[in-house]
Amino acid sequence: MNPTPATSSTTIESIESIIVDLPTIRAHQLAMTTLHRQSLVIVRLRCADGSTGVGEATSIGGLAYGDQSPESTQLAIDTYLAPLLIGQDAGNVNAAMALMNRHVQGQSYAKSAIETALLDALGHRLGQPVHALLGGALRTSMPVLWTLASGDSARDVDEALGLMEARRHRVFKLKIGKGDPAANVAHVAHIKRALGDEVLITVDVNQAWDETTAQRSIAALEQAGVGLVEQPVARRHRAALARLAARFDVPIMADESINGPEDALELAQEAAADVFALKISKAGGLLNTLRTAAVAEAAGIGLYGGTLLEGSIGSIASAHAFAACPQLRWGTELFGPLLLKDDIVTARPDFRDFELHLTQAPGLGVSVDEDKLAFYRRDRQRTAVAVTA
């Protein structure tokens, strides 16, 4: 069935995708890669009535984290999704998403960015924040953890104490999938002892362990007082994940194992995790994120607002979705903007008193800084190099 163009004045007139490369404040180490910059796909949507919306899609380390990259996301938008949506009703977000899902398989990052832009534009037209379009916010702020990543125990402790004194973070994660598991566990235990029982410490293994290593290491982490263990084994090893969840008291969180509501249902049926990490790009948008959250709520599984290290646009979009979730027992990880030296918005998100605070402004509540966008866009940088050469 071919899409039928809308006749409303809110028809989609154009969809533009722009890759920007932003420097980070420090190296960010995961099991599969180390980031020194973050690449974002910025989507700009314009409607016939003059209203506009922005969205963002982000990956971690190109194809190191998953099977979608900024480059493939931009190609999907420009070649397949944008031509499909031009002329369609920008006010009917459900219809636009159904149209994309019917004609384009996968490409959840691209679809999420476009849905975000549609919701942003709709919010501006109606004078409502995006979370109101999702049914309303159950929270106007949410806790945000910070990843300690120097690799030096003393430096990590000092960093955590400084961030607590500044009232920016009081929950800390350590990435422990790379290197010797025993040494990593000892590193975590040292930090936990130094920070004390009042501070929640979580760890992320990024799928790096086999089940035997996970059994041995999680036992030691549990004894050290770690509060949450994220994705200890490969995403497809759901049976192993379920055995670990059944064996230990420390909660086990599924991250790479879960994308949308279908994965959530299967994981819940298999009792494979105690907590689900939500990520709007992996779910294919904010609406599908709420469907995923509803499955977790029905199964009594805790929710955690995850990140793909988005910039301000993607992080705020995620926050709008997380604000509308039925519960958010484990807080969020929306520290992506804080990891960036610079951004492409006029005002960065409001982090204070250990939480990210949501705006009540229409749409996402963010505005693009045109000068910064022009400076960091990848096609401009390549042109400058060519001219110089």
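**View 1. The span of residues 154-251, from end to end.** In this predicted model, the end C-alpha atoms of residues 154-251 sit 27 Å apart. Helix makes up 52% of the span, and strand accounts for 13%. As for a label, UniProt lists these residues as "domain: Mandelate racemase/muconate lactonizing enzyme C-terminal", in an unreviewed entry.

**View 2. Helices α11 and α12 crossing.** Two packed helices are described by the angle between their axes and the distance between the axes. Here the pair is α11, residues 286-299, and α12, residues 312-323. Their axes come within 9 Å and cross at roughly 40°, and the crossing is right-handed. On the α11 side, the contact is made by Leu-286, Thr-289 and Leu-290; α12 brings in Ala-317, His-320, Ala-321 and Phe-322. Sort the residues of this contact by type and you get five nonpolar, two polar and no charged.

**View 3. The open sheet β4-β13-β12.** Strands of a sheet pair through backbone hydrogen bonds, either parallel or antiparallel. This one has three strands, in the order β4-β13-β12, with antiparallel pairing. β4 (141-143) and β12 (350-352) are the edge strands, and each has a single partner, so one side of each goes without a neighbour in the sheet. From one strand to the next, the twist averages 30°.

**View 4. Zooming in on β4 and β13.** β13 covers residues 355-357 and runs antiparallel to β4, with three bridges joining the two. One facing pair to look for is Ser-141, which stands opposite His-357 in β13.

Note on methods. Residues are numbered from 1 along each chain as its sequence is written. This is a predicted model: local features need pLDDT of at least 70, side-chain atom pairs count only at pLDDT 80 or more; totals for chains, interfaces and linings use all residues. Side-chain values use heavy atoms; hydrogens and water are left out. Axes are lines fitted to C-alpha atoms, for helices over the stretch in contact, and angles run from 0 to 180 degrees between N-to-C directions. Helices (H or I, at least four residues) and strands (E, at least two) are DSSP runs, numbered from the N terminus. A crossing is left-handed if the near helix is turned anticlockwise from the far one by less than a right angle, and right-handed if clockwise. Contact means heavy atoms within 4.5 Å. Ala, Val, Leu, Ile, Met, Phe, Trp, Tyr, Cys and Pro count as nonpolar, Asp, Glu, Lys and Arg as charged, and the others, Gly among them, as polar. Two strands pair if DSSP finds at least two bridges between them. UniProt positions are given in the numbering used here, feature names are shortened, and annotations may be inferred rather than shown by experiment.
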